[in-house]
Amino acid sequence: MRTADAVVAGEGQEAAALLEATRETVNPELRRAVGSLPGAMRRVAMYHFGWEREDGSPAEGGAGKAIRPALVLASAQALGVPRAAAGDAVRAAAAVELAHNFTLLHDDIIDRDVQRRGRPTAWTVFGMPDAILAGDAMMALAVRLLAEDPHPASAAASARLAACVVELCEGQQADCAFESRPYVSLDECLTMATAKTGALLGCACALGALYAGAGPEEVEAMDAFGREAGLAFQLIDDLIGIWGDPGHTGKPAGADLLARKKSLPVVAALTSGTEAGEELAALYAGSVKEDDVPRAARAVERAGGRDWAQAHAADRMGRAVQELSRAVPDLAAAGGLLALAEFVTRRTK
């Protein structure tokens, strides 16, 4: 009998194999799209994806984990598209990854983040205007990839991705607004996180369903699966933002606390009604310095924010599986999707 650790290890290996296969399949399409950009924007994009250094020379870095394009392809396969035919959804997968990286370029500027994937962010290297414009161009490329795709689902996919990006922007706007508000409720924070993170994962799964020829109910169920898994993903990401290893995350320890971000564990702590929550609120009322980060992290933990986030992530994954079963009653057919979902909610970096 396999132990729980063995099961998790097996799912991790399956997810890693899926992500690697996705990168091999989707990266050529991504490179072709990025290569079509005008020179200055192409240079920023190539650097951001990790394909070039600051001076334009080739780099050995990667273009991220490829979770979202993997969800597109795995969703199509879960709904009956053979692995060989899932390549028909490659443009859709690349479009989702371009849209995701459009948000990353802009988020780095909004949050004043100076590191991503272990090296300086694009805006710190090329300046804000060029980074913003490169992000805008990536979003336009995403729409163009779908507009030029002869697949019968491409028009519906394009409309869905456009609506998703509007929702993403709404989530980002709310996230920014929270920074200047003295009080943010946990429900507000969950709604924001669903829009900012869950929406695109849901869209990725929905696009895979569309390219599989699924009906409206199945498409919506796949979208709901991705949203729930996306919220679990964000909860884990917020935990990593406080307790992650800088050697793995590529960002300073406690970066979210230093920026006084009202992430989900933080808001859970601030609204806990505990003495530790009040201590954290006092820290957030001022300017959090590097020396304050360990104390703030301990306050979040003592107020229950860490435990709440971990438990809520597990709960959201349970909901995600329920939604998935509406579209794929035999969950054995959705092994790839489940492995990816397990991967993003058990990762530590």
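This short talk goes through the overall build of the chain and then one of its helices.

What we have here is a predicted model, in which local features need pLDDT of at least 70 and side-chain atom pairs count only at pLDDT 80 or more, while totals for chains, interfaces and linings use all residues. Residues are numbered from 1 along each chain as its sequence is written, and side-chain values use heavy atoms, with hydrogens and water left out.

Let me start with the whole chain, which holds 16 helices and two strands, these being DSSP runs (H or I, at least four residues, for helices; E, at least two, for strands) numbered from the N terminus. Along its principal axes the C-alpha trace spans about 60 × 55 × 35 Å. Of the 349 residues, 51% are buried, meaning under 20% relative accessible area with a 1.4 Å probe, protein chains only. If we take contacts (heavy atoms within 4.5 Å) between residues at least 6 apart in sequence, 73% of them join residues at least 24 apart.

Turning to helix H7, residues 154-179, its 26 residues should span 38 Å at 1.5 Å a residue, and its end C-alpha atoms are indeed 38 Å apart, which agrees; the expected span is 1.5 Å times one less than the number of residues. Which residues of H7 are buried? Among them are Ser154, Ala157, Ser158, Leu161, Cys164, Val165 and Leu168, and further along Gly171, Gln172, Ala174, Asp175 and Phe178 are buried too. The buried residues of H7 pack against three helices, namely H4 (90-110), H6 (128-147) and H8 (186-211).

Conventions: Buried < 20%, exposed > 50% of the residue type's maximum accessible area, 1.4 Å probe, protein only.
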